[in-house]
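Visitor: I should like to examine this model with you, one contact at a time. May we begin once it is on display?

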Amino acid sequence: MEETGRDRDIEGRARNARPRDGLGRPLPYGAPGVERQPEGVVRTPEETVREAQRLLDAGMPFHAHEVFEDAWKSGPVAERELWRGLAQLAVGLTHAARGNATGGARLLRRGAAALAEFAGARPYGIGVDGLIGWAGELAGRVETADSDGAVRDGAVRGKPVDAIAEAPCLRPPAR
């Protein structure tokens, strides 16, 4: 930290050095946290999908979002919407797992809309159509309960979803 008490990286950019939990929420300084994803890592599409799936399966969609964000920022222009849409799906799951039904549903739908131009395709083996369906279904489920906490279709509004149980499969087997 610099003299002002603000976290900065070596180039002087603001950074938050607080430890984070598996869903990216800040923890108190000194608390044990989950290791953060390094920023700006250039991976092959194969490496990106493999690492993001590992993180999703581990219940760490916030970290998966960071992996997709690196691909979105460093990849070819023609693929930016693919990686941006996947990042939005991961952060939508993050919000849903934190109990933020409105933000989670909004980001899941935004991510699905970004992926729409890839519908019917399987770039890098990614099951885009299945992910669009998964996002819509999960968005609907996290929004379905009444604001009084009543259960409808197995969902409780504002109740966090289980990030591991809800993790999507990025590369389902080809039919």
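Visitor: Which residues in helix 2 meet helix 3, and which residues in helix 3 do they meet?
Guide: The model is a predicted one. On the side of helix 2, the residues are Pro61, Phe62, Ala64, His65, Phe68, Glu69, Ala71, Trp72 and Lys73. Their partners in helix 3 are Arg80, Trp83, Arg84, Leu86, Ala87, Ala90, Val91, Leu93 and Thr94.

Visitor: How many residues of each class does the contact of helix 2 with helix 3 have?
Guide: The charged residues of this contact number four, and the polar ones two. The nonpolar residues number twelve.

Visitor: Are helix 2 and helix 3 roughly parallel or roughly antiparallel to each other?
Guide: Their axes come within 8 Å and cross at roughly 165 degrees. The crossing of helix 2 past helix 3 is left-handed. An angle over 145 degrees counts as roughly antiparallel. Helix 2 and helix 3 are therefore roughly antiparallel.

Visitor: How are helix 1 and helix 2 oriented to each other?
Guide: Helix 1 covers residues 45-57 and helix 2 residues 61-74, and their axes lie 7 Å apart. The packing angle is about 165 degrees, and angles over 145 count as roughly antiparallel. Helix 1 and helix 2 are therefore roughly antiparallel.

Visitor: Which residues make the contact of helix 1 with helix 2, and into which classes do they divide?
Guide: Helix 1 contributes Thr48, Glu51, Ala52, Leu55 and Leu56. Helix 2 contributes Pro61, His63, Ala64, Val67, Phe68 and Ala71. By class, these residues are eight nonpolar, two polar and one charged.

Visitor: At what angle do helix 3 and helix 4 pack, and what is the handedness of their crossing?
Guide: Helix 4 spans residues 101-115, and its axis is 7 Å apart from that of helix 3. The angle between the two is about 165 degrees, and they are therefore roughly antiparallel. Helix 3 passes helix 4 in a crossing that is left-handed.

Visitor: Which residues of helix 4 make the contact with helix 3?
Guide: From helix 3, the participants include Glu81, Arg84, Leu89 and His95. From helix 4, they are Gly103, Gly104, Leu107, Leu108, Arg110, Gly111, Ala112, Ala114 and Leu115.

Visitor: How many polar residues does the contact of helix 3 with helix 4 have?
Guide: This contact has eleven nonpolar residues and three charged ones. Its polar residues number seven.

Visitor: Which class of residue lines the largest cavity?
Guide: The structure holds one cavity of 30 Å³ or more, and the largest cavity has about 40 Å³ of space. Its lining consists of Leu56, Phe68, Leu86, Leu89, Ala90, Leu131, Pro168 and Leu170. Helix 3 (residues 80-97) supplies the largest share, three residues. With no polar and no charged residues, the lining is eight residues of one class, nonpolar.

Visitor: What is alanine 167 in contact with, leaving aside its neighbours within four places in sequence?
Guide: Alanine 167 is placed in the segment after helix 6 (163-166). Its C-alpha is 8.5 Å from that of glutamine 53, although the two are 114 residues apart in sequence. Apart from those neighbours within four places, alanine 167 is in contact with Leu56, Asp57 and Leu93.

Definitions and conventions. Residues numbered from 1 in each chain as written. Predicted model: local features only at pLDDT ≥ 70, side-chain atom pairs only at ≥ 80, totals over all residues. Heavy atoms only, no water. Axes fitted to C-alpha atoms, helices over the stretch in contact; angles between N-to-C directions. Helix = DSSP H or I, 4+ residues; strand = E, 2+ residues; numbered from the N terminus. Parallel < 35°, antiparallel > 145°, perpendicular 65-115°, else oblique. Contact = heavy atoms within 4.5 Å. Nonpolar A, V, L, I, M, F, W, Y, C, P; charged D, E, K, R; others polar. 1 Å grid on protein atoms, 1.4 Å probe; cavity = no way out; pocket = protein on both sides within 12 Å on 5 of 7 lines; lining within 4 Å. Points joined across faces, edges and corners; volume = space filled by probe spheres on them. Left-handed = near helix turned anticlockwise from the far one by under 90°.
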